[in-house]
Structure formats: structure tokens, C-alpha cells
Number of protein chains: 2
Amino acid sequence: MPTSRIAIDSSLVSCCSPLGDSELSEAEAVETALIFGALSDPVRLRMLSLIASEDEVCSCALEGPLGKSQPTISHHTRILSEAGLIEGEKRGRWMWWHAVPDRLNQVARILAAPLPTS
Amino acid sequence: MPTSRIAIDSSLVSCCSPLGDSELSEAEAVETALIFGALSDPVRLRMLSLIASEDEVCSCALEGPLGKSQPTISHHTRILSEAGLIEGEKRGRWMWWHAVPDRLNQVARILAAPLPTS
DNA sequence: CCGTCATATTGATGTCTGTCAATGTTAGAA
DNA sequence: TTCTAACATTGACAGACATCAATATGACGG
């Protein structure tokens, strides 16, 4: 029931505490690695950049700029969405994607340094 | 020549502008993907967590907690340091590692959303 | 110099991953 | 319904990666 690859939602709880605060558990590390893994590909980074630059972007508007085949685009949108970084909505025949700012900030906070050492 | 603190100097320039600001170039995407790639492994995340929790950590103090062989530890420290996330100093026979807060913040800023708070 | 300890490097191996062609699925149009 | 367009899924393959055993490097102590 829980560990179903797309179960990132429930993991929001155990996710994203600053790296230096406490030592990551094995489970947290695996979960977090999945998120950063989604960000570790040049095509997905440019894809996320394209999506985050607009309110909404259709899948069909990604193939051209990214220079990848349709199955490959579908593959990458899936990984980004499973990481919670983008969300999609199907309207008619088109799939519309938008970034998830809250999630991006949440992930950013993992890396936020322990502040000015005060 | 400007920011020459870490060995990654050249990449610091083209790196780390917020994803939504402007569309990533291919080169920027490749560069950024390398950084997130360093963060996409559970062992390296726990390793970075361990290092960031202390002022300094010896390589020899990582094998135990992480449960990996010595060559594997060396492999992972190398990847983290090449990404600029940790820095090492060899004193005697021991290698001492410390996190690079500036770099972590820099990477975090890549994901910082364009001021949502709507 | 010799032996030992901490780390780096090399080589081999099993696994993961990005890619696309082919095919399946679903929604609108004719 | 039948045809077409937009995506998703499957299967296959090449390249990348994590891992460890074996070996090399380099620093200390005797």
C-alpha cells in the first residue's frame, strides 16, 4: 500500500529536512535521492525550466524545444510528476503541465545551510 | 578568475540561476545535472548529511555508518567534492571532509520558486 | 629501509537509465 | 462508427553507475 513508487505524496512528511540538522535515515535518503534523481538529467532540467517559465505548458510544446521523441517526453514528464515537481491535467487530447512552487521550495530547503552559524 | 574559491570555478558562472527565470541552455543543463546527480544517491545523501552535521569528518569515520567498502566511500567523496558540495584536506594519513555551505545555498537557489506566496 | 595504515585507483560485474520504434489508449472530428 | 491526433505503454538496446576485490600510492613508525 505505501511503497508504490508514486507514493511520494505520503513521503512529504518524512521528506525535506535540512541535511545538516540530523542524520538522514536510510528511508529518508532513498526518498530524497528519488527527488534529486528526477533533477539529475539535462533534458528534465530544461523541461522543468520550460514549464516553470510559463503558467502552463502542453506536452506537445515540449518535443520541439527539447529535441526528443514523444515517448521520451512522456517518460520524463512522468518522472518529474512522480517526484512532485510538476503536475499535469488532461484537457481534451492535450496534457497540460505546471510547476509546483511549494515542492520546489521544499526541496530547496533540504540544501539550505544551517544559516549564518549564529 | 572571479569566483575562484572552489575548484569548480568555471562552472559557478554558468550555474545556478533559478529554473523559472530563463530557459536553461544545454550547457547549463548538463552542468546543473551533474550537481543534482551527485545528490541523487542515498549513500551520498547520508554521507553529506553526516559531514554537514559536523565541522569535519574523516573518511575513516564514514565506512562504518554507511556500511560500504573503503573504495566505495572514496568513490562517493570524490563525486561530492567534484560537485563542489564538500571539500577535503589531507592531514597526515587522514582525509578530512567538510561541507561547503555557500555551495549548498547556491544549489538551493536553483530551485527557489519565483516568489509564489499567492 | 621496511612494514603498516589510510586512502586512491583499476578492473570486473550486475543493475539502472535514457532513448526510440512499435503498439495501445483515449478523445475529438467527420 | 471510423479516422485521426495526442499521450501512454511496452520492448529492446546502448551507455552510465554503484559496488567490491585487488592493487597502487603515500605517510607515518620502527
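Me: Which element gives the most to the surface near DNA strand D?
Reply: In this predicted model, the surface near DNA strand D draws at least two residues from each of α5 and β3 (94-99) of chain A and α5 of chain B. Among the residues around the strand, A:Cys60, A:Pro71, A:Ser74, B:Thr72 and B:Gly92 come nearest. The element that gives the most, with five residues, is α5(A).

Me: How many charged residues does the surface near DNA strand D have?
Reply: There are 21 residues around DNA strand D. By class, seven are nonpolar and nine are polar, and the charged residues number five.

Me: Which element gives the most to the surface near DNA strand C?
Reply: Here A:Thr72, B:Ser59, B:Cys60, B:Pro71 and B:Ser74 come nearest, out of 21 residues around the strand. Two or more residues are given by each of α5 (70-82) of chain A, α5 (70-82) of chain B and β3 (94-99) of chain B. The surface divides into seven nonpolar, nine polar and five charged residues. With five residues, the element that gives the most is α5(B).

Me: At roughly what angle do the axes of α3 and α5 of chain A cross?
Reply: Two packed helices are described by the angle and the distance between their axes. For helix α3 (residues 42-52) of chain A and α5(A), the axes come within 10 Å. The crossing makes α3(A) roughly perpendicular to α5(A). The angle is roughly 75°.

Me: Which residues of α5(A) make the contact with α3(A)?
Reply: By class, this contact has five nonpolar, one polar and one charged residues. From α3(A) come A:Val43, A:Arg44, A:Met47 and A:Leu48. From α5(A) come A:His76, A:Ile79 and A:Leu80.

Me: What is the bridge partner of A:Val57 in β3(A)?
Reply: Strand β1 (residues 57-58) of chain A is joined to β3(A) by two bridges, and the two run antiparallel. Within β3(A), the residue partnered with A:Val57 is A:Trp97.

Me: Which residue in the turn between β2(A) and β3(A) has a positive phi?
Reply: Strand β2 (residues 86-91) of chain A pairs with β3(A) in the antiparallel sense over six bridges. In this pairing, A:Ile86 stands opposite A:Ala99. The two strands form a hairpin with two residues between them. The turn residue with a positive phi, about 65°, is A:Gly92.

Me: Which strands of chain B stand at the edges of the sheet?
Reply: Three strands of chain B form an open, antiparallel sheet in the order β1-β3-β2. Six bridges join β2(B) to β3(B), and B:Lys90 has B:Met95 of β3(B) as its bridge partner. An edge strand has a single partner, so one side of it is left without a neighbour in the sheet. The edge strands are β1 (57-58) and β2 (86-91).

Me: How many residues of α3(B) are buried?
Reply: Helix α3 (residues 42-52) of chain B lies across β1, β2 and β3 of chain B, at about 90° to β3(B). Its buried residues include B:Leu45, B:Met47, B:Leu48 and B:Ile51, and also B:Arg44 and B:Arg46. The helix is mostly covered, and of its 11 residues the number buried is 10.

Me: How many nonpolar residues has the side of chain B that touches chain A?
Reply: Chain B puts 32 residues into this contact, and chain A puts in 32 residues. On the chain B side, α2 (26-38), α3 and α6 (101-111) each supply at least two residues. Seven residues of that side are polar and four are charged, while the nonpolar residues number 21.

Terms used. Residues numbered from 1 in each chain as written. Chains lettered and ligands numbered in written order. Predicted model: local features only at pLDDT ≥ 70, side-chain atom pairs only at ≥ 80, totals over all residues. Near = placed C-beta within 6 Å. Helix = DSSP H or I, 4+ residues; strand = E, 2+ residues; numbered from the N terminus. Nonpolar A, V, L, I, M, F, W, Y, C, P; charged D, E, K, R; others polar. Pairing = 2+ DSSP bridges. Contact = placed C-beta atoms within 7 Å. Axes fitted to C-alpha atoms, helices over the stretch in contact; angles between N-to-C directions. Buried ≥ 20, exposed ≤ 12 C-beta atoms within 10 Å, placed from the backbone. Parallel < 35°, antiparallel > 145°, perpendicular 65-115°, else oblique.
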